[in-house]
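Me: I'm new to this one and would like to go through it slowly. Could you put it up so that we can talk about its rings and a few backbone details?

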Amino acid sequence: MSTPPALNGAIAANKVHHWLRAWYGADVPEAVDLDLVRQMLPSTPFGAGVREIRPPVQFNDEAFEGLLARDPDDPEVWGIAYNGTVSRERQRFTIAHELGHFVLHRDRQPRFHCDKESVHSGHETMRRIEREADDFASNLLMPGDRLREWVSDQRIDLHVLSAIAQRFEVSFEALCIRFIKFTSQRSILVYWDNGYVKYEWRSSSAVKTRARIRRTSDPQEPLPGTLAADASVVQAWEGVEMSAAIWCPEEAPYMKLREFKHSYGARDRVLTLLLLESAEPRAWDRAWQDKEISASYAEFYASR
């Protein structure tokens, strides 16, 4: 008898979707009803020993992101708090993230306090469980089967991704990260904060073919000749084609990529999406035979 796979964020979210489909008796709404999920969980195998998850409460503190905590006077009751100063889409992701802690981690500790840097700071165990809760939230709010249906046979640009984000009622940034983790296309997502890279995500095929951006400084600044470095270009949602080697030095000179750019309101935060042409096998590159692919974010942060 085979051993069932260990529970992780993706498996847990897919199970919740299974229950939601049974609840509705038809397709789950495009924007998942998190209040229904909250009320449902205690009656499922994921809610053993819990009588209630109280309705989320708003907490207005810009340094605060979210909280899941057990009632100290009633161990069968848990509660969620979220930052009410951010967008509704971000509030939804935070609540889904805390529900992820409830499903995956509540047997480890009675309280989870999440701030904006939880995923990137602290000890490795804390970073890992924060990433697991993020994976639960991503898969719950942006299920892969629906995303596959909406991006298939489409020429991807930021208009398409923005429209999908609106249907899921998630932030544009969250949708772009989900797309990178989901797509089979070679692609790289870079988030710039005040002129320096804050994070980089690479699709599995980009990792496998060793497509990576040129490193010139620490912290990394936008590369000369790119839209990211051109302050006169605020938005490039249709993308601009250029030599892939401008961004990725290991790409052949004849290879192309499309660079997309989205600047946030104050222009101090910029999102860059790179869609690369399919790579050609390289005889010297053993990555083509690799079956195991390391997580792009882990590789990125390990290389910093």
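Reply: What follows is a short talk about aromatic pairs, one helix and some backbone angles.

Me: What kind of model is this, and how are the residues numbered?
Reply: This is a predicted model, in which local features need pLDDT of at least 70 and side-chain atom pairs count only at pLDDT 80 or more, while totals for chains, interfaces and linings use all residues. Residues are numbered from 1 along each chain as its sequence is written, and side-chain values use heavy atoms, with hydrogens and water left out.

Me: How many aromatic pairs does a search of the whole structure find?
Reply: The search finds 9 aromatic pairs; rings of Phe, Tyr and Trp (its six-membered ring) pair if their centres lie within 6.5 Å, and planes under 30 degrees apart count as stacked, over 60 as edge-to-face and the rest as tilted. Trp19 and Phe46 have ring centres 5.0 Å apart and planes at 70 degrees, so this pair is edge-to-face.

Me: Where do Trp19 and Phe46 sit in the chain?
Reply: Trp19 is in helix α1 (residues 9-24), whereas Phe46 is in the loop between α2 (34-40) and β1 (52-53), so the pair links distant parts of the chain, 27 residues apart. Helices (H or I, at least four residues) and strands (E, at least two) are DSSP runs, numbered from the N terminus.

Me: Is Trp19 buried or exposed?
Reply: Trp19 is buried, with a relative accessible area of 17%, and Phe46 counts as buried at 13%. Buried means under 20% relative accessible area, exposed over 50%, and partly exposed in between (1.4 Å probe, protein chains only).

Me: Changing topic, which residues of helix α6 are buried?
Reply: In α6 (residues 158-168), the buried residues are Leu158, Val160, Leu161, Ser162, Ile164, Ala165 and Phe168.

Me: And what comes just after α6?
Reply: Just after α6 comes Glu169, which has a positive phi of about 60 degrees although it is not a glycine. Glu169 lies in the loop between α6 and α7 (172-182), and at 27% relative accessibility Glu169 counts as partly exposed.

Me: What about phi of Asn194?
Reply: Asn194, a residue other than glycine, has a positive phi near 55 degrees. Asn194 is found in the loop between β6 (187-193) and β7 (196-202), and counts as exposed at 53% relative accessibility.

Me: Last one: which peptide bond is cis?
Reply: The bond from Asp218 to Pro219 is cis, with omega near 5 degrees, and Pro219 lies in the loop between α8 (204-208) and β8 (235-243).
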